[in-house]
Amino acid sequence: MEAIRKAAGIIHRYPDGSGKALIEALSLTLRISKDRIVLGNGSDEIIGFLVRALLRQNDAAVMPKPSFLVYEITVRSVGATPVKVPLKDFAIDLEAMADHMRPETKMIFLTNPHNPTGSLITQKDFERFMSRIPAGVVVILDEAYIEFVREPTCLNSLAYVETQNPVVTLRTFSKAYGLAGLRIGYGVMPAELAEIVNRIRAPFNTNSLAQIGAIAALKDPSFVKKTVSLVHEELDFLYTAIRRLGLTVFPSQANYFMIDVKQSADAVFQRLLREGIIVRSMTAYGFPEYMRISIGLHTENIRLVEALKRCL
Ligand SMILES: Cc1ncc(COP(=O)(O)O)c(C=O)c1O
């Protein structure tokens, strides 16, 4: 916020269309070459770039079911087909996804940790999966929530540079960095693919204040650390408090988790709404008795537990 306030005087000028300073900062932080990085107006926008650049009518993109709704909406928008593979035990079923490879399959979406379940992909499972994927199919790893992961066996997708499949990592400043309103995210991909994606990117897709805010955020790792440890403390607090209400909790590697309310999640959602609390009913995701709760501040989380008691 401080960096953005200081920079407010420059907004009569166009942004740097190449995002040079932010790309340099990311390249240094992640230790990857600059020509592999593409900036987006949120990581959402990069999903759109990839789909528009690579998918045509009758192509297929394989994705978990349920998953982040933007994948399906974007794939359908170019006339391609989303192939949705159900989760197994609330985690992405990599074996079943590999079973769905067809000649028309051009792209695979994976989310790590997964949204909405918070499940993880391990390095070991990913390598077995990749050995089954036909050459040339683009594998997208959406890591919007990666900073919150506590489990050390988690996949490091940035390590997959020289594989027979282009691997794309999507990251965002919207979650652990607390900059959702700025709309800034990035993709890391093979340089050849980044060059193609940059051809269809509008020249000023990321604004000056977003670029400046993101650079300042990268220079302030203590903020991310504080945010992540707060989220971990509050996850543990809520797991215990909600289990005490007799509900089943599904531990998560992200900053949200699912609970089984053992009745209509839509009905509980409506009652909580009347108490001024918004959670997400998982009915639309195929889990009619589950809700997803995002971590708030401690006082908000206490309020949630109290309200939940009344609403069950
Ligand atoms: C899995 C996943 N990917 C990507 C995004 C988009 O994030 P951004 O704000 O960077 O567009 C979200 C936002 O909710 C998300 O849940």
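P113 sits in the loop that joins strand 4 (105-111) to helix 6 (123-130). In this predicted model, the peptide bond leading from N112 into P113 is cis, and its omega is near -5°. A further cis bond runs from K65 to P66, with omega near 0°. P66 also belongs to a loop, the one between strand 2 (60-65) and helix 4 (69-77).

Two residues call for attention because of phi rather than omega, and F90 and K262 are both partly exposed. F90 has phi near 65°, a positive value in a residue other than glycine. Its place is in the loop between strand 3 (81-86) and helix 5 (94-99). Around F90, 15 other C-beta atoms lie within 10 Å, so this residue is classed as partly exposed. K262 is not a glycine either, yet its phi is positive, at about 55°. The loop that holds K262 runs between strand 9 (256-260) and helix 10 (265-274). K262 has 13 C-beta neighbours inside 10 Å and therefore counts as partly exposed.

From these local points the description can move to the chain as a whole. The chain is divided into domain 1 (2-219) and domain 2 (222-311). Their C-alpha centres lie 26 Å apart. Across the boundary, 18 residues of domain 1 are in contact with 17 residues of domain 2.

The nonpolar interior also involves both domains. The largest nonpolar core has 80 residues, and A61, I140 and M291 are those with the most contacts inside it. Helix 3 (residues 43-54) supplies the largest share of this core, six residues. At least three residues of the core come from each of domain 1 (2-219) and domain 2 (222-311). For M291, the surroundings can be listed in full: leaving out residues up to four places away in sequence, M291 touches M258, I259, V261, A265, V268, F269, V279, R280, S281 and M282.

Two helix pairs show how elements distant in sequence are placed against each other. In domain 1, consider helix 2 (residues 20-30) and helix 8, whose axes come within 9 Å and cross at roughly 20°. The two helices are therefore roughly parallel to each other, as an angle under 35 degrees counts as such. Helix 2 passes helix 8 in a left-handed crossing. On the helix 2 side, the residues that meet the partner are A21, L22, A25 and T29, while helix 8 contributes Q211, A214, I215 and L218.

I215 gives a residue-level view of this pairing. I215 lies in helix 8 (residues 208-218). Apart from residues up to four places away in sequence, I215 touches A21, L22 and A25. A21 and I215 are 194 residues apart in sequence, but their C-alpha atoms are 7.7 Å apart in space. Is I215 buried or partly exposed? With 18 C-beta neighbours inside 10 Å, I215 counts as partly exposed, because the buried class begins at 20.

The other pair is helix 9 (residues 221-244) and helix 11 (residues 298-311), which pack at an angle of about 15° with axes 11 Å apart. That angle makes helix 9 roughly parallel to helix 11. Here the crossing is right-handed. E234, F237, L238, A241 and I242 are the helix 9 residues that meet helix 11, where the facing residues are H298, N301 and V305.

Helix 9 also holds V224. Which residues does V224 contact, leaving aside its neighbours within four places in sequence? The contacts of V224 are with E147, A176 and Y177. V224 and Y177 are 47 residues apart in sequence, and the distance between them is 5.8 Å, C-alpha to C-alpha. V224 has 18 other C-beta atoms within 10 Å and is therefore partly exposed.

Notes:
Residues numbered from 1 in each chain as written. Predicted model: local features only at pLDDT ≥ 70, side-chain atom pairs only at ≥ 80, totals over all residues. Core = buried A, V, L, I, M, F, W, Y, C linked by C-beta atoms within 7 Å. Buried ≥ 20, exposed ≤ 12 C-beta atoms within 10 Å, placed from the backbone. Helix = DSSP H or I, 4+ residues; strand = E, 2+ residues; numbered from the N terminus. Domains from an automatic or database assignment. Contact = placed C-beta atoms within 7 Å. Axes fitted to C-alpha atoms, helices over the stretch in contact; angles between N-to-C directions. Parallel < 35°, antiparallel > 145°, perpendicular 65-115°, else oblique. Left-handed = near helix turned anticlockwise from the far one by under 90°.
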